[in-house]
Amino acid sequence: MSGQSTTRTVPGDGGSGTARAVSRTGQRLSGLAVALGLLLFLGGFAWGAVVYRPYTVPTPSMAPTIGAGDRVLAQRIDGDDVRRGDVVVFEDATWANVPVAKRVVAVGGDKVSCCQDGKLKVNGQEIEEPYLSEGVAEFGGFPEVTVPKGRLFLLGDERSGSVDSTAHLTDAASGTVSRGAVRARVDAVVWPMDGMLTAPTGFEQLGALSSPGPLRTVVAMVIAGTVLVLGGAAYGPLAQRAGASRDRANAESPGGR
């Protein structure tokens with residue numbers, strides 16, 4: 001009888017099986033993350049395309065809020081949803097019948113004038129406008145205008161150089177624009193990436209302000225989707241490599257021979 005002994009691999013040894021199970025679980029999680037990420041990514045883009053329209057503002061009439069050549073995203077809204085302080089995009093035949101971006105400073109029934117003590121006055125209230133450039137007090141101003149029902153009075157934030165309602169005061173509607181001419185409300189400047197417009201809090205004393213659109217949620221969905229897709233795509237190969245490393249470690253261990 002020989003004094004040599006032999007060691008045989010035990011059938012059903014669980015080392016490599018466990019690794020394969022972990023690898024399969026990792027692949028399933030990877031696929032789930034990629035699928036969820038694609039859903040969020042594409043859903044965010046689709047939602048944004050339905051809700052928002054991009055515009056390029058060609059002039060500096062809305063500076064410093066929006067500079068010449070800036071790209072903005074404007075939420076599609078009905079004209080009845082416009083409130084004081086909103087920056088809107090509208091089209092009106094008497095304003096060259098092209099998309100124009102201006103700030104709504106008064107709505108139907110309001111009395112608006114400028115500039116006593118260098119400030120805009122609406123319904124007897126002086127309005128704080130921190131979004132304006134310094135030196136706006138030098139703007140010549142305009143006499144009091146009563147805005148007809150269903151219409152809007154609009155100014156550019158660059159008051160001294162903006163062709164706005166003040167340039168149309170002799171028109172039949174005293175420079176006002178119909179609510180129905182509004183196409184969208186500007187939510188953010190996206191190029192350069194200045195972000196969401198500042199809330200026009202000076203108008204709060206006259207009534208509620210418009211709520212921001214869903215742009216932040218849309219962006220969060222797109223970012224989360226991108227992270228899940230990239231993370232899920234990377235997790236599968238990493239889990240497979242980790243499983244292979246465990247298999248090799250089990251094969252090289254004394255109990256695996």
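## Strands, cores and pockets in a predicted model

Cys115 sits in strand β5. This is a predicted model, and Cys115 is a good place to enter it. The peptide bond that leads from Cys114 to Cys115 is cis, with omega near 5°.

**Overall build**

The protein has two helices and twelve strands. Read from the N terminus, the order is α-β-β-β-β-β-β-β-β-β-β-β-β-α. The strands thus sit between the two helices in the order of elements. Of the 257 residues, 38% are buried. The exposed surface comes to about 14,200 Å². Carbon and sulfur atoms supply 57% of that area. Among contacts with a separation of 6 or more, 69% join residues 24 or more positions apart.

**Two nonpolar cores**

In soluble globular proteins, nonpolar side chains tend to be buried together. Here the largest nonpolar core holds 17 residues. Val105, Val112, Leu120, Phe142, Phe153 and Phe203 have the most contacts inside it. Five strands give two or more residues each to this core: β4 (100-107), β5 (111-116), β6 (119-122), β8 (142-146) and β9 (151-155).

Phe142 shows how these parts meet. Leaving out residues up to four places away in sequence, Phe142 touches Val112, Ser113, Cys114, Leu120, Phe153, Leu155, Thr166 and Leu169. Cys114, one of these partners, is also the residue before the cis bond to Cys115.

A second, separate core has 13 residues. Ile77, Val88, Val100 and Val107 are among them.

**Two pockets**

Rolling a probe the size of a water molecule over the atoms shows where empty space is left. The table sets out the two largest pockets.

| Pocket | Volume | Lining residues | Nearest the centre | Lining by class |
|---|---|---|---|---|
| Largest | about 350 Å³ | 20 residues | Pro58, Thr59, Ser61, Val100 and Ala101 | 13 nonpolar, six polar, one charged |
| Second largest | about 280 Å³ | 18 residues | Leu197, Thr198, Ala199, Pro200 and Ser210 | eight nonpolar, four polar, six charged |

Which strand gives the most to the lining of the largest pocket? Strand β4 does, with three residues. Both β1 (52-56) and β4 supply at least two residues of that lining. Val100 lies among the residues nearest the centre of the largest pocket, and Val100 also belongs to the second core.

In the second largest pocket, strand β11 (residues 182-191) gives the most to the lining, with three residues.

**Backbone exceptions**

Most residues other than glycine have a negative phi, and most peptide bonds are trans. Several places in this model depart from that pattern. Besides the bond at Cys115, the peptide bond from Trp191 to Pro192 is cis, with omega near -5°. Pro192 lies in the loop between β11 and β12 (195-196).

Two asparagines have a positive phi. For Asn97 the angle is near 55°. Asn97 sits in the loop between β3 (87-90) and β4. For Asn123 the angle is about 50°. Asn123 sits in the loop between β6 and β7 (125-127).

Are these asparagines buried or exposed? Neither term fits. Asn97 has 48% relative accessibility, so it counts as partly exposed. Asn123 has 35%, so it counts as partly exposed too.

**Around β12 and the loop after it**

Met196 is found in strand β12. Its relative accessibility is 23%, so Met196 counts as partly exposed; the cut-off for buried is under 20%. Which residues does Met196 touch, not counting those up to four places away in sequence? They are Asp187, Ala188, Pro212, Leu215 and Arg216. Arg216 is 20 residues from Met196 along the chain, and their C-alpha atoms are separated by 8.8 Å. Arg216 falls within helix α2 (215-252).

Ser211 lies in the loop between β12 and α2. Its relative accessible area is 54%, so Ser211 is exposed. Ser211 and Asp187 stand 24 residues apart in sequence, with 9.8 Å between their C-alpha atoms. Asp187 thus appears twice in this region: Met196 touches it, and its C-alpha distance to Ser211 is 9.8 Å.

Methods: Residues are numbered from 1 along each chain as its sequence is written. This is a predicted model: local features need pLDDT of at least 70, side-chain atom pairs count only at pLDDT 80 or more; totals for chains, interfaces and linings use all residues. Side-chain values use heavy atoms; hydrogens and water are left out. A nonpolar core is a set of buried Ala, Val, Leu, Ile, Met, Phe, Trp, Tyr and Cys residues joined through side-chain atoms within 4.5 Å. Buried means under 20% relative accessible area, exposed over 50%, partly exposed in between (1.4 Å probe, protein chains only). Helices (H or I, at least four residues) and strands (E, at least two) are DSSP runs, numbered from the N terminus. Contact means heavy atoms within 4.5 Å. On a 1 Å grid over the protein atoms alone, a cavity is a set of points where a 1.4 Å probe fits but cannot get out, and a pocket is an open set with protein on both sides within 12 Å along at least five of seven lines; lining residues have an atom within 4 Å of a point. Grid points are joined across faces, edges and corners, and a volume is the space filled by probe spheres set on the points. Ala, Val, Leu, Ile, Met, Phe, Trp, Tyr, Cys and Pro count as nonpolar, Asp, Glu, Lys and Arg as charged, and the others, Gly among them, as polar. Accessible areas come from the Shrake-Rupley method with a 1.4 Å probe; for residues, only the protein chains shown count as cover.
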